[in-house]
Every structure is written in C-alpha cells, then in structure tokens.
Amino acid sequence: MQIDRIETLTQFDQLRASWDVVYHHDPQAHVFVSWLWLRGWFELTPYRWLVLAVRPGPGSPYVAFLPLVSRGPRLAGIQLFDLLTMGGQPLAPYTGFVCLPAYEPAALAGLAGYIQQELTWVNFRMSEVLDSRLKTFLQAFPRDRFTVETSPGMPSLFIPLPESWEQYLEASLSKNTRKKLRRHTRQLESLPGFRTTEIQATTAKADIDLLLSLWQQRWGPKPMAPWLDKIFHHCFKHNTLWLKILWDGSTPIAASVGMFDHCKKKFYGFIFGGNADYNDWSPGKVTLGYELQDAIAQGCQVYDFLAGAGDYKFSLGAQERTTFNVIITPTDLPRRALNRGLFRLEHGGNILRSKLGKLKRVDRVKRLWFAGVTLIKRVQASTGLLNLLLAANELAEAGYLAY
C-alpha cells in the first residue's frame, strides 16, 4: 500500500472526486468524515492537520483516507511536541475512517504502520470513533511498544425513518407520545403571532447569529461558538444546512440547526436554542418534530441525534449504538514520562473546566457575558481594541479546547 500525505488545502481540493467515490461506497462513513465537512473544518482550524491517503500502488485510485490533527503546547510559535487526534475534532461529534470495504484490512494496517513509523507523537487520542473497523486498526499497534486504552464514548442515538410522516407517527411513537407531540405543536402554532422562517441567503448571517445566541442563553457561553458560526456558513453555502426559527411576532421562540447528508440520506440534528419565556409550550419537542418531518420529506432514511442520550429521544423511537475513545501511548521511557505529566495537568484542567462549566450556566454570568459581547460589537470601528479582544478570545478558545 502506498500512503500519500496531504497537508495543504490545494492538495485536499484535488482529492474531492476520489474522496467522494470512496465515501459513497463506504457503508460506515458518516458526514463528519465527508470531504465537504472536513474542507470547512481544515479551513478554520488553528491546528496543524494532515490527511493520510491510501492507494494500492503508484497511479492507482485512492481506496482509504484518515484525517488527523496535530496539537500541542507552543513556545515562541514553535509546537514543543505533537499530540495526535482525529481530524474534525473537537467540533465533530463523531470521527472515523473512510475506506472501500474490499481494502479494509490492508488499508487500516498500512495507516497504523505509517503513523508508527513516519509520524512523531507523544500520544494519539481517538475520540468518539463511530466505526466498527477501529478494532482492526488497533490490532496493528504492537502491545510491547504501545499501550492502548479503550473506553466507551458518549451514547449515540438515531431513528430509522419510514417513507412518510404519518407512518413515523403510527409506527415509531406510542399513543401517548404521539398525542403529546400533536398537542404541543397545536398549542404553539395557535399563538396569535406564531410563524416560522427558514434560512435564506439574505438572512443567513442574522439567522445563524440568532441561533447561536439562543443556544448560549440556554447553556451558557460556548468557546466553540465562533467555530460553529463558520462551519454553519460553510454548510449553508454547500446546500447541506437546515435551520428553522420559530417566532411569536418579532420575538424568537426557538431555533434549531441540522445538516443533510444527501449522499447517505441522513439528517443530523445539531443544536437547539430556545427562549426560556416559552418553555411552557415545549418548543424543543415541536422543533424536533419539524426536523423529523422535513428529514422524511427530503427522503432521509435516518435521523441522527449525535452524542448524548435522553428519555425523550427513546420515546421518539431512537435506537442506541456505541462510540469509543482510545488513547494510544508509546511505551518508551521519555514519552511515557511525558504522558504521566500530561495526565496530571489534564486531570487538573478537567476539574477546572467542570467548575467553569457550572459557573457559566449561572444566569448572572450569562447576562454579563452577553453584555460583553454586545459591547464588543459596538466598538468594532475602534482601531486596535477589537483585534485585541479577538486575539484574547482565540487564546481562551485554544486553552479551553486543548488537552
């Protein structure tokens, strides 16, 4: 197997036709390893990325791809050491491989060998891998040279979709759930000023801004919001974004965003944001109903909830599958010692993030944060202040997202 290393957007653009063919024929591939999603991610990520592209020999078509990202602490602009992760992370809820089924054993072994022999790294973290071929890939790491720790990832739920909305209501929902969904929808739609809007070219910026604002009002400030803003615009530009806003006159009730994978006939529900003043009308469930209706109308065969479980998801007919997290650590003394130090730092960082996560959900903190965002927007015309604030924000994001 020949493995080519792709490290520039120009090279990646040249891969699109080959990538799309392999993606189409790979039954395990999902939207977060599609060329389109990764193109948007590679363009905005601050991390160094690369793609390992596999083909049987010189001049032959590519048969497999593995997107990777190298992260790590920097000093004077120099990355001190490499922490290898899967491409698309931390924005992608799932990761995995792209491979033609006929070439899986040889291609996965070749990828594992290349990572061991040609790349320099302290540890390799594979997070939320939704791919049953993971076991084959990990078997190619000798246990006398590498420690491989595997643990379950976040629960991952999905709904198989029938051909019509009425079929879904009758076959997938209990009588009680079906009755509640219809009642909540009827109650919300009966508001005098109720209306819905969908994202358009002329409203895309305002719609995405509103969605992210409602989302953060519900969950607190999110460091990844600027990245989501860019990836949502990228998906909208390429006709894969679904975004609906519910209104009461000029007051937003809720907004929800999802993504179509037209190749795989799947719909991915991404994030939801709601106005707390309308909680009694259950706008989250009503919006989810709209998502399911539109997904079925577009011919989707699967609705994917992405990561996270909840009783309401099972009540809507969801089934569960498993993702996995993996940490691969070389056993040589220098890297083993460095990993022990990184583990201690990470453990302390996890405790801090947990406390910050609770703090940012406090109403007073959310109000102060949004007041600060408003202030930044008002001083956009000032000469140096905006750049300073944006730089500080990027540093905060990098610190929050780094291991």
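A residue counts as buried when its relative accessible area is under 20%, as exposed when it is over 50%, and as partly exposed in between. The structure discussed here is a predicted model, and N176 is a good place to try out these words: its relative accessible area is 47%, so N176 is partly exposed. N176 is found in helix α7, which covers residues 175-189. Although N176 and S315 are 139 residues apart in sequence, their C-alpha atoms are 9.6 Å apart in space.

**The nonpolar cores**

The largest nonpolar core has 86 residues, and the members that touch the most other members are W37, I115, M126 and F232. What does I115 touch, if residues up to four places away in sequence are not counted? The partners of I115 are L52, L66, L68, L84, W121, F124, F137 and F141. Another core, of 30 residues, lies apart from this one, and I253, Y278, Y290 and L292 are among its members.

**Two packed helices**

Two packed helices are described by the angle between their axes and the distance between the axes. For helix α3 (residues 35-44) and helix α9 (residues 225-237), the angle is about 140° and the axes are 10 Å apart. Angles over 145 degrees would count as roughly antiparallel and those from 65 to 115 as roughly perpendicular, and α3 and α9 are therefore oblique to each other. Their crossing is right-handed. On the side of α3, the contact is made by L36, W37, R39, G40, W41 and L44, while α9 contributes W227, K230, I231, H234 and C235. Sorted by kind, the residues of this contact are seven nonpolar, two polar and two charged.

**Backbone details**

Most residues other than glycine have a negative phi, and most peptide bonds are trans. Against this background, two residues other than glycine with a positive phi can be set side by side in the table.

| Residue | Phi | Location | Relative accessible area |
|---|---|---|---|
| E128 | near 50° | strand β8 (residues 123-129) | 14%, buried |
| K265 | near 55° | loop between β13 (251-261) and β14 (266-274) | 41%, partly exposed |

With a relative accessible area of 14%, E128 falls under the 20% limit and is therefore buried, whereas K265, at 41%, is partly exposed. Which form does the peptide bond from Q89 to P90 take, cis or trans? This bond is cis, with omega near 5°, and P90 lies in the loop between β6 (83-86) and β7 (98-99).

Note on methods. Residues are numbered from 1 along each chain as its sequence is written. This is a predicted model: local features need pLDDT of at least 70, side-chain atom pairs count only at pLDDT 80 or more; totals for chains, interfaces and linings use all residues. Side-chain values use heavy atoms; hydrogens and water are left out. A nonpolar core is a set of buried Ala, Val, Leu, Ile, Met, Phe, Trp, Tyr and Cys residues joined through side-chain atoms within 4.5 Å. Buried means under 20% relative accessible area, exposed over 50%, partly exposed in between (1.4 Å probe, protein chains only). Contact means heavy atoms within 4.5 Å. Axes are lines fitted to C-alpha atoms, for helices over the stretch in contact, and angles run from 0 to 180 degrees between N-to-C directions. Helices (H or I, at least four residues) and strands (E, at least two) are DSSP runs, numbered from the N terminus. Angles under 35 degrees count as roughly parallel, over 145 as roughly antiparallel, 65 to 115 as roughly perpendicular and the rest as oblique. A crossing is left-handed if the near helix is turned anticlockwise from the far one by less than a right angle, and right-handed if clockwise. Ala, Val, Leu, Ile, Met, Phe, Trp, Tyr, Cys and Pro count as nonpolar, Asp, Glu, Lys and Arg as charged, and the others, Gly among them, as polar.
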